[in-house]
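Please look over the sequence and the model shown here. The report follows one strand, its partners and the core it feeds.

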Amino acid sequence: MNKTLMTVAGLALASPAFADLASGPQTNLLSPDQYSITATPIGAPDIAGVFGTAYSNMAAAAGYQAFPAATGAIGFDDYDSIGAPATSIDISTFRFVGGVQQAAGTMFFDFFDTSSNFVDSFGVTLTNPGNFIYTITINTYPGGVVVPEAGLLQVTVGAGFTGQWFLNADAPTIGTSNSGIGGAAGGLQHKFELNGDYVVPAPASVALLGLGGLAAIRRRR
């Protein structure tokens with residue numbers, strides 16, 4: 001897949017031709033009382049993670065790049081948090097760099113385990129058009145959105161809207177990521193961050209984890 005790289009000012013890679021993961025329901029659109037959003041201009045001073053950060057890939061030293069704005073699945077990437085194997089992250093805040101090009105556009109964040117099995121998702125309505133550093137605080141925490149401590153994240157833009165999710169070549173500052181999975185050519189990785197508490201899955205989930213083989217699921221690099 002050939003891509004033309006441009007800086008954040010150009011906001012374009014050649015094509016948003018990502019392989020769509022086995023899609024989750026993408027229907028978990030949170031109501032306005034279930035979350036709050038802070039939008040920080042790109043290029044403004046950014047906090048380097050918050051208390052309880054499990055995974056962070058928000059560094060901006062390499063600038064940002066993006067595919068042209070599109071609808072549907074606009075990208076996916078892997079992540080490996082600093083949590084212990086066989087735990088999950090109960091998300092309190094989620095951060096990413098990007099946005100929608102139309103006011104009141106929706107974005108869905110679908111989480112999968114390392115075998116590409118759907119686990120959980122949430123969707124939000126972004127009031128402002130344009131791209132920002134977004135911080136989404138989930139007011140239903142604890143227990144609202146619980147995701148694997150290592151897995152895959154796919155971002156989908158709701159029908160009728162277009163959006164972008166920025167990438168660059170900076171490595172995660174908390175946790176790790178395999179640049180050969182998701183992202184884009186040249187080692188570009190999507191910018192996002194997971195904050196929350198670690199929890200032990202319910203017994204039934206642990207049993208399912210064992211069926212797949214813990215060694216196969218863990219992908220330590």
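Buried means under 20% relative accessible area. By that cut-off, strand S4 is mostly covered: 13 of its 13 residues are buried. The model is predicted, so confidence comes up again at the end.

**Strand S4 and its partners**

S4 spans residues 88-100. It pairs antiparallel with S13 over eight bridges. With S7 it also forms eight bridges, again in the antiparallel sense. Three bridges join it to S8, residues 146-148, and these two run antiparallel. Another three link S4 to S10, residues 163-165, in antiparallel fashion. The table gives one residue pair for each partner strand.

| Residue in S4 | Opposite residue | Partner strand |
|---|---|---|
| Ile 89 | Val 147 | S8 |
| Arg 95 | Glu 193 | S13 |
| Gly 98 | Phe 132 | S7 |
| Val 100 | Gly 163 | S10 |

In a regular strand the side chains alternate between the two faces of the sheet.

**The nonpolar cores**

The largest nonpolar core holds 30 residues. Phe 94, Phe 96, Phe 109, Phe 111 and Phe 122 touch the most other members. Eight strands are listed as each supplying at least two residues, among them S2 (53-57), S3 (72-80), S5 (105-112) and S9 (150-157). S4 gives the most, with five residues.

What does Phe 94 touch, not counting residues up to four places away in sequence? Its contacts include the aromatic residues Phe 109, Phe 111, Phe 122, Tyr 134 and Phe 192. Ile 136, Leu 153 and Leu 194 are also on the list, as are Thr 135 and Glu 193.

A second core is separate from this one and has six residues. Met 58, Ala 66, Ile 133 and Phe 166 are among them.

**Ser 121**

Ser 121 lies in strand S6. Is this serine buried or exposed? Its relative accessible area is 2%, so Ser 121 is buried. Leaving aside neighbours within four places in sequence, it contacts Asn 28, Phe 109, Asp 110 and Val 145.

**Confidence**

The mean pLDDT of the protein is 83, and 77% of its residues reach 70 or more. Two stretches fall low. Over residues 1-11 the pLDDT stays under 50, and the model has 24 contacts beyond four places in sequence for them. Over residues 205-221 it is below 50 too, with 28 contacts beyond near neighbours in sequence. Where pLDDT is low, the predicted coordinates should not be read in detail.

Conventions: Residues numbered from 1 in each chain as written. Predicted model: local features only at pLDDT ≥ 70, side-chain atom pairs only at ≥ 80, totals over all residues. Heavy atoms only, no water. Core = buried A, V, L, I, M, F, W, Y, C linked by side-chain atoms within 4.5 Å. Buried < 20%, exposed > 50% of the residue type's maximum accessible area, 1.4 Å probe, protein only. Helix = DSSP H or I, 4+ residues; strand = E, 2+ residues; numbered from the N terminus. Contact = heavy atoms within 4.5 Å. pLDDT = per-residue confidence, 0-100. Pairing = 2+ DSSP bridges.
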